Amino acid sequence: TFQDSTDQRTLTVDVTTQNFTLTTSISRISTLSKGVAPSEPEAIKSAQQLLSQLGLHKFGFETGNQTTLFLAAGIGPQLETAGSISEAHLTEVSFFRSLTEIAEQNFPILPVNPKKGLIQIQVTTGLRPEINNTLGIIYNAQETETNKETFESYPLRDVMEAWEEVKAKQGTAYVGTVEDLQTVQITSVSLAYFDDAAHQDYLQPIYVFSGVAKTKNGGEFEFVAYRSAVSKDWTKE
């Protein structure tokens, strides 16, 4: 762990995996002017350049997609989603992995939270030196064996069987889940691969169930759940 007391930043490196995080204190971010967050194209370009300069734009993330989110320091200990770029202190860029030249169809590769990539970079503008504009990094990338020589085909299981396991809360990942969840309306089911922050020897095919969940008090939120898509005859615990 390395401390930058001047700019209130902390760098933590896992000496085994070489993954790392860089964080800037909320109190430091709150001193920035709102509206200094870069636009989506600017933030993505800046984050890509940073990874390339560090030799870390690899493992399939260089061909994958990026999403952005405008964030601001609020009154609490966590960053909050900003309603617009004019209210944001920074822009967060999430990187998602992609498979190329493996199969005819390029399925998504999703981490535990489909809204947050295994690589996240938070950038702002106007600070000097330039390196201070990188306010945060989460880097959990790892090389996964993905080539035509090791790529295999496996039979898929029945979708309804997988859904019954989701309802029983078996081995799933949720977005927006709450304790008083009452009903879920699934609007789409798709195939993807699961990408874990922990080391895995292969990418696991999964069913992705997406829809809208309702709470007992009438609230609504986005619902996403995963379940293994490979036939149980080909898997073991």
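Counting charged side chains gives 18 positive and 29 negative ones in the chain, and the centres of these two sets lie 4 Å apart. Please keep in mind as you look around that this is a predicted model. The chain holds 237 residues, and 40% of them count as buried. Let's walk from the whole chain down to one strand pair and its aromatic neighbours.

**The chain as a whole**

- You will find 3 helices and 12 strands in the chain.
- The C-alpha trace spans about 55 × 50 × 30 Å along its principal axes.
- About 13,700 Å² of the chain is exposed, and carbon and sulfur atoms supply 50% of that area.
- Among contacts with a separation of 6 or more, 62% come from residues that are 24 or more positions apart.

**The sheet with β11 and β12**

- An open sheet is formed by 4 strands in the order β7-β10-β11-β12, and its pairing is mixed.
- Its edge strands are β7 (109-110) and β12, each of which pairs on one side only.
- As a general reminder, the strands of a sheet pair through backbone hydrogen bonds, either parallel or antiparallel.
- β11 and β12 take the antiparallel option, with 9 bridges between them.
- Two of the residue pairs to look for are tyrosine 207 with arginine 227 of β12, and glycine 211 with phenylalanine 223 of β12.
- The two strands β11 and β12 make a hairpin with 4 residues between them, and glycine 218 in that turn has a positive phi of about 95°.
- Although β12 is an edge strand, β12 is mostly covered, with 7 of its 9 residues buried.

**Aromatic pairs**

- Searching the whole structure turns up 5 aromatic pairs.
- One of them joins tryptophan 163 and phenylalanine 209: the ring centres are 5.2 Å apart and the planes meet at 40°, so this pair is tilted.
- Tryptophan 163 belongs to helix α3 (residues 159-167) and phenylalanine 209 to strand β11 (residues 204-215), so their pairing ties together parts that are 46 residues apart in sequence.
- Both partners count as buried because they fall under 20% relative accessible area: tryptophan 163 has 15% and phenylalanine 209 has 2%.
- Phenylalanine 194 and tyrosine 226 have ring centres 6.0 Å apart and planes at 65°, so this pair is edge-to-face.
- Since phenylalanine 194 sits in strand β10 (residues 181-194) and tyrosine 226 in strand β12 (residues 220-228), the pair ties together parts that are 32 residues apart in sequence.
- Phenylalanine 194 and tyrosine 226 are both buried.
- Trp163, Tyr207 and Phe209 make up one aromatic cluster, and its member Tyr207 has arginine 227 of β12 as a bridge partner.

**A closer look at serine 210**

- Serine 210 is a residue of strand β11.
- With a relative accessible area of 19%, serine 210 is buried, because the cut-off for that label is under 20%.
- Leaving aside residues up to four places away in sequence, serine 210 touches Gln185, Ile186, Thr187, Ser188, Phe223 and Val224.
- One of those contacts, Phe223, is also the bridge partner of glycine 211.

Conventions: Residues numbered from 1 in each chain as written. Predicted model: local features only at pLDDT ≥ 70, side-chain atom pairs only at ≥ 80, totals over all residues. Heavy atoms only, no water. Buried < 20%, exposed > 50% of the residue type's maximum accessible area, 1.4 Å probe, protein only. Contact = heavy atoms within 4.5 Å. Areas by Shrake-Rupley, 256 points an atom, 1.4 Å probe, with all protein chains shown as cover. Lys, Arg positive; Asp, Glu negative; His and termini not counted. Charge placed at Lys NZ, Arg CZ, Asp CG, Glu CD. Phe/Tyr/Trp six-rings, centres within 6.5 Å; stacked < 30°, edge-to-face > 60°. Pairing = 2+ DSSP bridges.
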